[in-house]
Amino acid sequence: MHEELLTIGAFAARARLSAKALRLYDRLGLLAPAVVDETSGYRYYRADQAEPARLVALLRQLDMPLARIADVVGADGTEAADLLAAYWADVEARVAGQRALAEYLRGRLSGRSSEMYGKFAIETVDVPAQVVITESRHTLADELPTWIGASMGRLEAAARECGGVVGAPFVIYHSEVSMESDGPAECCVPVADEAAARTWAERQGRVWETTVRVAPAARLAYTRVTKAQVAHPQILAAFEAVGQWMAGRGLETAGPCREIYFADWDAAGAGDPVCDVAFPVK
């Protein structure tokens, strides 16, 4: 039996890996030996396991999580390639966000904050009281865009039972949403018929943390941002620009900050205005 197999040392040389790495892959469930001698505990490998062993080693150099490595190794052909492509797209999106955050922080640390904030035009607007149907959720920054899209879709569909949508949907941040802080955030859609909205909410129960309430009239200090600027962490500069503008005029916040979405998100291009970043002020 052993004549048809390779010892761990011989296999390690063929796969250009160390015996230590092969033992680790076995322990992690990524590449098991073909045979383990019950008496001696020696590991033996087939020659055709060299290619999967090299694949595991290369995927680990991409910092791919172990579970995703197992999926890639266990897939065939184009499916494995598609899994790798999906992982790398996630990596590039994360790096792009980190690059934007690093540039933003460099600006702050180098004293260029006023230059950065000067790119945002700040205005005020008075908004009336509005009846809104809402969903709330504790969520981290990486999950936030998906949740906002799904929540707004549910609320806008429900608005048909509540007299229709009568204003721009918005998201209120009752506490910070980041990779360490989970809010909560609240999606709000203004509707026409309060009585119908309360009937709708009673049917929902607490499945989606739905409520109906009257959002009070407020004066908002806001800046308008493009679709590209909405992405985290780019949008942080917009929030801080409004905060700096308020501080320079002696204005205080009168409630949690919000994002007001007034455009068709799917139809908008990266440079199109889609959202107002706003703070209630007093």
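This is a dialogue on reading the strands, rings and helices of a predicted model.

Me: Where should I start with the sheets? In what order do the strands of the open sheet of 8 strands stand?

Reply: Read across the sheet, not along the chain. The order is E4-E9-E11-E10-E6-E7-E5-E8, and the pairing is antiparallel.

Me: Which strands stand at the edges of that sheet?

Reply: Look for strands with a single partner. Strand E4 (122-127) and strand E8 (210-215) are the edge strands, so one side of each has no neighbour in the sheet. As for the turn between neighbouring strands, it is 30 degrees on average, with direction ignored.

Me: How many bridges join strand E9 to E11?

Reply: Strand E9 (residues 218-226) and E11 run antiparallel and are joined by 8 bridges. One position to look at is Val-225, which stands opposite Cys-275 in E11.

Me: And how many bridges does strand E10 form with E11?

Reply: Strand E10 (residues 258-261) pairs with E11 over 4 bridges, again in the antiparallel sense. Here Glu-259 faces Val-277 across the pairing, and Tyr-261 has Cys-275 in E11 as its bridge partner. Cys-275 has already appeared above, standing opposite Val-225.

Me: Is strand E11 largely enclosed or left open by the rest of the structure?

Reply: Count its buried residues, where buried means under 20% relative accessible area. In strand E11 (residues 273-281), 8 of the 9 residues are buried, so the strand is largely enclosed by the rest of the structure.

Me: Which way do the side chains of E10 point?

Reply: The general idea comes before the case. In a regular strand, side chains alternate between the two faces of the sheet. In E10, Arg-258 and Ile-260 point one way, while Glu-259 and Tyr-261 point the other way. All of these residues are buried.

Me: How many bridges join E6 to E10?

Reply: There are 3 bridges between E6 and E10, and the two strands run antiparallel. Phe-170 stands opposite Ile-260 of E10 in this pairing.

Me: Now the rings. How many aromatic pairs does a search of the whole structure find?

Reply: The search finds 5 aromatic pairs. A pair of aromatic rings is described by the distance of the centres and the angle of the planes. Take Tyr-173 and Phe-239: their centres are 6.4 Å apart and their planes stand at 85 degrees, which is edge-to-face.

Me: What does the pair of Tyr-173 and Phe-239 tie together?

Reply: Find the element that holds each ring. Tyr-173 lies in strand E6 (residues 170-173) and Phe-239 in helix H10 (residues 235-248), so the pair ties together parts that are 66 residues apart in sequence. Tyr-173 counts as buried at 8% relative accessibility, and Phe-239 counts as buried at 13%. Ring pairs also link Tyr-173, Phe-239 and Phe-279 into a cluster.

Me: Are Tyr-261 and Trp-265 stacked or edge-to-face?

Reply: Tyr-261 and Trp-265 form an edge-to-face pair, with 6.2 Å from centre to centre and 75 degrees between the planes. Tyr-261 is buried, with a relative accessible area of 15%, whereas Trp-265 is partly exposed at 35%.

Me: Which ring does Arg-224 lie over?

Reply: Arg-224 lies over the face of Phe-262, at 4.1 Å from the ring centre.

Me: On to helices. At what angle do helix H4 and helix H5 pack?

Reply: Read the angle together with the distance between the axes. Helix H4 (residues 66-74) and helix H5 (residues 77-109) pack at about 155 degrees, and their axes are 8 Å apart. H4 is therefore roughly antiparallel to H5, since an angle over 145 counts as such. The crossing of H4 past H5 is left-handed.

Me: What is the strand order in the open sheet of 3 strands?

Reply: Its order is E1-E3-E2, with antiparallel pairing. Strand E1 (6-7) and strand E2 (35-36) are the edge strands, each pairing on one side only. E2 and strand E3 (residues 43-45) pair over 2 bridges, and Val-36 stands opposite Arg-43 in E3.

Terms used: Residues numbered from 1 in each chain as written. Predicted model: local features only at pLDDT ≥ 70, side-chain atom pairs only at ≥ 80, totals over all residues. Heavy atoms only, no water. Buried < 20%, exposed > 50% of the residue type's maximum accessible area, 1.4 Å probe, protein only. Pairing = 2+ DSSP bridges. Phe/Tyr/Trp six-rings, centres within 6.5 Å; stacked < 30°, edge-to-face > 60°. Lys NZ or Arg CZ within 6 Å of the ring centre and 35° of its normal. Axes fitted to C-alpha atoms, helices over the stretch in contact; angles between N-to-C directions. Parallel < 35°, antiparallel > 145°, perpendicular 65-115°, else oblique. Left-handed = near helix turned anticlockwise from the far one by under 90°.
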